[in-house]
Amino acid sequence: TEDLIESSEGFTAEVLLADHPVVKGLPWETFPPIFGYNEVKAKPDAEVIVRVKETGDPLVVVGGSGKGRILTYMSDPAPHWGINFELWEGYDAFWCQALNWVKKQH
């Protein structure tokens, strides 16, 4: 089935776990609309730390596999859906925090 969810009006990010190292301290109140994402269901042992406000679908999910960590972002990190996201003032910090968490350096 098709998993692409798109809107020319955009979707809003809603942080669910504000103290998680991936999202902590970022200016989420200025997060711009994204224009689409891939619809997924989080595994029961994963944590949805950011979701799409309008639909409740996961946007940023973290979890583990063996001794490793996994992070998924369901939209584009750059243009097409993410054109506004890459211009967001917290963009660089988000990816640095995400990579540090995955590398277990938080």
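**Figure 1. Pairing of β2 with β4 in the predicted model.** In this predicted model, β2 and strand β4 (residues 47-52) are joined by 3 bridges and pair in the antiparallel sense. Ala 13 has Val 52 of β4 as its bridge partner. β2 itself covers residues 13-15.

**Figure 2. Surroundings of Ala 13.** Ala 13 is a residue of strand β2. Its relative accessibility is 14%, so Ala 13 counts as buried, the limit being under 20%. Apart from neighbours within four places in sequence, Ala 13 is in contact with Trp 28, Phe 31, Val 50, Arg 51 and Leu 59. Glu 2 is 11 residues away from Ala 13 along the chain, and the C-alpha atoms of these two residues are separated by 22 Å.

**Figure 3. The open sheet.** The sheet has 4 strands in the order β2-β4-β5-β6, with antiparallel pairing. β2 and β6 stand at its edges; each has a single partner strand, so one side of each has no neighbour in the sheet. On average, and with direction ignored, neighbouring strands of this sheet are turned by 20° against each other. In a regular strand, side chains alternate between the two faces of the sheet.

**Figure 4. β4, β5 and the loop that joins them.** β4 and β5 run antiparallel and are joined by 4 bridges. In this pairing, Glu 47 stands opposite Val 62 in β5. The two strands form a hairpin with 5 residues between them. Gly 56 is found in the loop between β4 and β5 and takes a positive phi near 80°. The relative accessible area of Gly 56 is 37%, and Gly 56 is therefore partly exposed, a class that lies between the buried limit of 20% and the exposed limit of 50%. Between Gly 56 and Val 102, which are 46 residues apart along the chain, the C-alpha separation is 24 Å.

**Figure 5. The hairpin of β5 and β6.** β5 (58-65) and β6 (68-73) pair in the antiparallel sense over 6 bridges. Opposite Gly 63 stands Ile 70 in β6, and opposite Ser 65 stands Gly 68, also in β6. The hairpin has 2 residues between the strands, and Gly 66 in the turn has a positive phi of about 60°.

**Figure 6. Helix α1 on the sheet, with Trp 101.** α1 lies across β5 and β6 and runs at about 155° to β6. The helix spans residues 91-102 and includes Trp 101. Trp 101 has a relative accessible area of 8% and is buried. Arg 69 and Trp 101 are 32 residues apart along the chain, yet their C-alpha atoms are separated by 7.9 Å.

**Figure 7. Glu 89 in the loop before α1.** Glu 89 lies in the loop between β6 and α1. Its relative accessible area is 60%; Glu 89 is therefore exposed, since the class begins over 50%. Leaving out neighbours within four places in sequence, Glu 89 is in contact with Pro 27 and Thr 30. Glu 54 is 35 residues from Glu 89 in sequence, and the two are 22 Å apart in space, C-alpha to C-alpha.

**Figure 8. The largest pocket.** Rolling a probe the size of a water molecule over the atoms shows where empty space is left. The largest pocket holds about 220 Å³ of space. Its lining is made up of 14 residues, and Lys 43, Ala 46, Val 61, Gly 63 and Ile 70 lie nearest the centre. By class, the lining has 7 nonpolar, 4 polar and 3 charged residues. β5 and β6 each supply at least two residues of the lining, and β5 gives the most, with 5 residues. Two of the residues nearest the pocket centre, Gly 63 and Ile 70, stand opposite each other in the pairing of β5 with β6.

Conventions:
Residues numbered from 1 in each chain as written. Predicted model: local features only at pLDDT ≥ 70, side-chain atom pairs only at ≥ 80, totals over all residues. Heavy atoms only, no water. 1 Å grid on protein atoms, 1.4 Å probe; cavity = no way out; pocket = protein on both sides within 12 Å on 5 of 7 lines; lining within 4 Å. Points joined across faces, edges and corners; volume = space filled by probe spheres on them. Nonpolar A, V, L, I, M, F, W, Y, C, P; charged D, E, K, R; others polar. Buried < 20%, exposed > 50% of the residue type's maximum accessible area, 1.4 Å probe, protein only. Pairing = 2+ DSSP bridges. Axes fitted to C-alpha atoms, helices over the stretch in contact; angles between N-to-C directions. Contact = heavy atoms within 4.5 Å.
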